[in-house]
Amino acid sequence: MALATRLQVPPELITVAARRVMARCEELARVTSTPGSITRVYLSPEHARVNRLAAEWMRELGMTTRQDAAGNQVSRLAPVGAPDAPALLLGSHLDTVPDAGRFDGIIGVLMALEVVRLVRRRDEDGVASSPFPFALEVVAFSDEEGTRFGKALLGSSAVAGQWEASWWDLTDEDGVTLREAFREFGLDPGRVGEAARRPDELVAYLEAHIEQGPELHRSGQALAAVSSIASARRFQLIVEGEARHAGGTPYDMRRDALLGASEAALAVERICRGEHHIVGTVGQLEAFPGAVNVVPGEAHFSLDLRGEFDDTRDHTWDEIARELDAIMGRRGLSWQAREVHSAPAVFCAPLLQDVVRAGIGGEAPTLFSRAGHDAMSIGAITDVGMLFLRNPDGISHHPDEAVSGDDVAVGIQALAEAVLHLAAEPR
Ligand code: HGY
Ligand code: MN
Ligand code: MN
């Protein structure tokens with residue numbers, strides 16, 4: 001018997017689900033280390049609190065819950081009689097950038113829970129189970145942004161079995177190492193490998209996320225499927241010159257590191273603007289010693305470089321590096337770069353693109369994602385698909401980040417029907 005691919009529920013249930021998601025986004029927004037704004041970083045007390053909240057909401061659905069060895073909050077609903085069935089993984093992340101919006105990542109975790117609520121089977125005693133031959137799992141990844149330690153996708157990298165020992169010595173702004181933070185959070189660094197999932201345990205991964213760009217807003221559409229996720233490389237760069245007296249030092253004797261870094265930031269923009277689907281951003285810039293009356297002898301800045309394809313991204317980095325040589329050479333400066341994050345482009349599986357488009361219905365648009373997502377890590381162990389929701393004005397990583405309740409409602413319906421279409425696929 002062919003499985004239904006249309007969600008057979010009264011529309012008001014979808015409306016109620018969307019309202020619950022929006023209310024819970026507000027509730028999670030209040031869990032922050034910076035009252036008045038939203039900041040929630042890996043292995044923090046805020047991380048622990050949102051994991052407890054998410055676990056509560058997962059258990060409400062009859063799901064079993066666990067916090068895995070990397071601090072991800074995971075939940076599972078198995079089919080009757082098949083407790084070890086492979087799982088369709090749904091979810092996103094609950095960590096944030098500093099002064100964040102309330103929907104980036106969060107909306108995907110909460111929409112996944114609503115899909116489970118809508119598709120689950122319940123017996124006469126109200127015991128819930130997956131109605132499919134596969135289990136349903138919802139994961140709240142613990143560190144997608146990399147805000148605290150600079151390396152992004154730590155939570156999902158652990159699930160993908162790609163944790164690297166060199167990360168243990170990464171430090172946060174207070175000099176706390178990742179290893180120390182693990183222990184303080186109650187995790188055992190030696191057991192992080194236990195978070196890894198095997199490909200045979202998974203059917204696929206589906207993530208709903210706000211677009212974090214203006215395409216859907218401009219086209220007047222609510223939802224899109226995602227074709228691929230940009231490859232990313234992140235660097236911390238140091239420019240060295242010579243600190244000197246701001247008054248007594250004539251220009252021809254200056255080796256001003258801040259001016260070198262500033263010229264470098266403008267060069268990044270100029271070079272990336274000339275490339276297709278490449279973006280480079282200098283998000284951090286600091287001068288040392290940082291005194292008003294001292295010519296900066298040193299400058300530190302970050303570079304976030306992304307591209308649709310790894311090779312064009314890498315060619316662009318090579319061009320930027322050559323330009324930095326020229327700039328610093330002209331100014332008598334030296335520079336060095338430390339790569340702190342690298343993630344290859346990930347292509348969403350055609351089948352999952354199809355089921356997401358089927359869930360959306362009509363002439364569903366398909367977009368390339370310039371933003372990074374946990375799906376980039378999970379793509380190493382199973383097929384991944386993504387559903388984008390309209391993000392008015394495309395503003396994100398900002399308190400004004402927005403999404404409409406109506407778009408969340410159609411998004412929940414689309415994600416649920418994508419799951420039904422996937423379940424209807426011959427196995
Ligand atoms: O930076 C990104 O693209 C994602 O929002 N972490
Ligand atoms: Mn983000
Ligand atoms: Mn995100």
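Student: Is Arg233 buried or exposed?

Tutor: The class follows from relative accessible area, with under 20% taken as buried. In this predicted model, Arg233 has a relative accessibility of 13%, so Arg233 counts as buried.

Student: With which residue does Asp314 form a salt bridge?

Tutor: One looks for a side-chain nitrogen of Lys or Arg within 4 Å of a carboxyl oxygen of Asp or Glu. Asp314 satisfies this with Arg233, and their closest N and O atoms are 3.0 Å apart. The two residues belong to distant parts of the chain, 81 residues apart: Asp314 sits in helix H8 (residues 310-330) and Arg233 in strand E9 (residues 231-240). Asp314 is partly exposed, because its relative accessibility is 25%, whereas Arg233 is buried.

Student: Which helices hold Arg24 and Glu60?

Tutor: The contact itself should be established before its place in the fold. The side chains of Arg24 and Glu60 form a salt bridge with an N to O distance of 3.0 Å. Arg24 belongs to helix H1 (residues 11-29) and Glu60 to helix H2 (residues 45-60), so the bridge ties together parts that lie 36 residues apart in sequence. As for accessibility, Arg24 is buried at 9%, while Glu60 is partly exposed at 47%.

Student: How many salt bridges are there by this rule, and which residues are linked in a network?

Tutor: The count is 25 salt bridges. A network of such bridges links Arg76, Glu137, Arg197, Arg198, Asp200 and Glu201. Within it, the side chains of Glu201 and Arg198 meet at an N to O distance of 3.9 Å. Arg198 is partly exposed, with a relative accessible area of 48%.

Student: How many disulfides does the structure hold?

Tutor: The test is a pair of cysteine sulfur atoms within 2.5 Å. The structure holds 0 disulfides. Two cysteines may still be read for accessibility: Cys272 is buried at 5%, and Cys348 is buried at 3%.

Student: Which residues are around ligand 1?

Tutor: A ligand shell is read first as a list and then by chemical class. Around ligand 1 are Asp104, Glu144, Glu145, Gln212, Arg234, Arg306, Ala371, Gly372 and His397. By class, this shell comprises 5 charged, 3 polar and 1 nonpolar residues.

Student: What is the distance from a polar side-chain atom of Arg306 to an oxygen atom of ligand 1?

Tutor: That separation is 2.5 Å. Two further pairs deserve attention. An N or O atom in the side chain of Glu144 lies 2.8 Å from a nitrogen atom of ligand 1, and one in the side chain of His397 lies 3.0 Å from an oxygen atom of the ligand. Ligand 1 on its own has 210 Å² of accessible area, of which the protein covers 93%.

Student: What is the sign of phi at His397?

Tutor: The general expectation is that most residues other than glycine have a negative phi. His397 has a positive phi of about 55°, although this residue is not a glycine. His397 lies in the loop between strand E18 (384-389) and helix H11 (405-424). At 39% relative accessibility, His397 is classed as partly exposed; that class takes only protein chains as cover.

Student: Where is Leu153 placed?

Tutor: Leu153 is in the loop between strand E6 (135-141) and helix H4 (154-159). Leu153 likewise is not a glycine, and its phi is positive, at about 65°. With a relative accessible area of 5%, Leu153 is buried.

Student: Is the peptide bond from Phe288 to Pro289 cis or trans?

Tutor: Most peptide bonds are trans. The bond from Phe288 to Pro289, however, is cis, with omega near 5°. Pro289 falls in the loop between strand E12 (285-288) and strand E13 (294-295).

Student: What distance separates the C-alpha atoms of Gln353 and Ala246?

Tutor: Separation along the chain and separation in space are to be read as two quantities. Gln353 and Ala246 are 107 residues apart along the chain, and their C-alpha atoms are separated by 58 Å. Gln353 is located in helix H9 (residues 350-360) and is buried at 13% relative accessibility.

Technical notes. Residues numbered from 1 in each chain as written. Chains lettered and ligands numbered in written order. Predicted model: local features only at pLDDT ≥ 70, side-chain atom pairs only at ≥ 80, totals over all residues. Heavy atoms only, no water. Near = heavy atom within 4 Å. Polar contact = N/O pair within 3.5 Å; in protein donor to acceptor, adjacent residues only side chain to side chain. Areas by Shrake-Rupley, 256 points an atom, 1.4 Å probe, with all protein chains shown as cover. Nonpolar A, V, L, I, M, F, W, Y, C, P; charged D, E, K, R; others polar. Buried < 20%, exposed > 50% of the residue type's maximum accessible area, 1.4 Å probe, protein only. Helix = DSSP H or I, 4+ residues; strand = E, 2+ residues; numbered from the N terminus.
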